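Please look over this model with me. My notes follow the display.

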Number of protein chains: 2
Amino acid sequence: VPYISPLLVPTATGRASSDGHRGRVAVVGLGPAGPQWLTPEAQAELASADDLVGYETYLARVPRRRGQRRHSSENQVEAERARHALELAAGGSRVAVVSSGDPGIFAMASAVLEALGEGNGQYAGLEVRVVPGLSAMQAAAARVGAPLGHDFCVVSLSDHLKPWEIVERRLRAACEADMVLTLYNPASSTRREQLARAIEVVSEQRAPSTPLVVARAVGSEAESVTVTTLEQLESDVVDMRTLLIIGSSTTRIVPGEPRLVYTPRRYPG
Amino acid sequence: VPYISPLLVPTATGRASSDGHRGRVAVVGLGPAGPQWLTPEAQAELASADDLVGYETYLARVPRRRGQRRHSSENQVEAERARHALELAAGGSRVAVVSSGDPGIFAMASAVLEALGEGNGQYAGLEVRVVPGLSAMQAAAARVGAPLGHDFCVVSLSDHLKPWEIVERRLRAACEADMVLTLYNPASSTRREQLARAIEVVSEQRAPSTPLVVARAVGSEAESVTVTTLEQLESDVVDMRTLLIIGSSTTRIVPGEPRLVYTPRRYPG
């Protein structure tokens, strides 16, 4: 139930809370696992929120503060969570929707904006902002060098919300134009077919020796980042917490240990 | 980070400095302008460096610290700067190469890795790490909502280091596969032709009403972020500090002020 101070009059742009501030929603990116990537902006936003809304695993990363309410939910109920956050804010609360990585990249920011758009003006005037965070691909890339140093594509392999045909079309397009390819959501415990098919599609156009980065749970205790090649990928290790970066024709591995990989700034021709 | 006591002799993997630590290079991302996006990891790395190396404009963003040496250089001498950093580290120094945004995305990390690779083993064993930062596209996207909420491509329009043909091929590929398109380095004071041509190429496949974000100097006092459309882009305002995000067929503008824009998580079909 949204808390509304009896002393303050509701306004058209959201009711004011007991602290006198207007309701608002901030979609806050925590960055990949670990506190080392949490920006000062995100930290301040989390500290000043009345209500935290998010997937329970991500909420668990935010230190508890007295008087701050928590609304945790299961994964994959993004639309519900987004509406809930908007409702709380419409009631005058200062709400932080907590997202891992960058909320703007395959995460909660789109879900909140969709709910806002579908609200048909019922949230008009409500302040909604996005607080960016480091995305998993950046942490993964940093661990091995600079595979994203030149033009690249970012594609989610999940066909939960889009037809598989569009995924394949995007993989082919990236290959035809020789762009580095970052794959989010390459697999889950039940969704294994897509990764095999994606590797097949990419292998039609890219050499077997193409560098491939397998990054799992970067920043967490379970972190594992490996530099391998397209033909040597062991797809069994790829799970929900993994992302892949597939090099372009110019991506190089620097000999030595640990293996570093980069895509040069220069493109031949 | 391996800490080596001052009692230890220099090793083949870099000499020990007066403080006793082994030489190393960290390529550090400051994020876009302003301190609100500087991560704790980047902050710690800058604080502990013996030498700071970077483009003068970016170095100016790092607070001065007694005893820390600064090596500033002009823009566009990335390769020289990278070699200089490796030399300092080979001499036992702890070096931070300072980069705006994410050093891994069109920035200094590739330049340092290239110099490392071209060193033919002369820097073998030297510790090189990349400290990621928020990239300008993330700050730009956050200001207007979530235009990067679905699959997207990131392309630099500069043909300084690659042939223009490859740029066009990538623009066409992104359009054919209906991916959101982020354009870095769309123009400079002397390089104006490329942007006009890019808009022409994209307009062959995308509707005139496609949402377009023009983001300039996000986070700085000169910040200006506008949501417009492909046909209404005023390309005169686009300069070296600007980046563009061109929507896909599914990208939507939320009615109201300020104009918010998002790409839904769902793709029809």
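The points below cover confidence, one helix pair and one further helix.

1. This is a predicted model, in which local features need pLDDT of at least 70, side-chain atom pairs count only at pLDDT 80 or more, and totals for chains, interfaces and linings use all residues. Residues are numbered from 1 along each chain as its sequence is written, chains are lettered from A in the order in which they are written, and side-chain values use heavy atoms, without hydrogens and water.

2. The model scores ipTM 0.92 and pTM 0.92. Chain A has a mean pLDDT (the predictor's confidence in each residue, from 0 to 100) of 91. In chain A, 92% of residues reach 70 or more. Treat residues 1–15 of chain A separately: pLDDT stays under 50 there.

3. In chain B, helix 3 (residues 78–90) and helix 4 (residues 108–118) have axes, lines fitted to C-alpha atoms over the stretch in contact, that come within 8 Å and cross at roughly 65°. Contact means heavy atoms within 4.5 Å. Helix 3 of chain B brings Glu78(B), Arg81(B), Ala82(B), Arg83(B) and Leu86(B) to the contact. Helix 4 of chain B adds Met108(B), Ala111(B), Val112(B), Ala115(B) and Leu116(B).

4. Helix 6 of chain B (residues 164–176) has 13 residues, which at 1.5 Å a residue should span 18 Å; its end C-alpha atoms are 18 Å apart, so the two agree.

5. Buried residues (under 20% relative accessible area, 1.4 Å probe, protein chains only) of helix 6 of chain B include Trp164(B), Ile166(B) and Leu171(B). Their cover includes helix 6 (164–176) of chain A and helix 7 (193–203) of chain B. Just after helix 6 of chain B, Asp178(B) takes a positive phi of about 55°.

How values were computed: Axes fitted to C-alpha atoms, helices over the stretch in contact; angles between N-to-C directions. Helix = DSSP H or I, 4+ residues; strand = E, 2+ residues; numbered from the N terminus. Expected span 1.5 Å × (residues − 1). Buried < 20%, exposed > 50% of the residue type's maximum accessible area, 1.4 Å probe, protein only.
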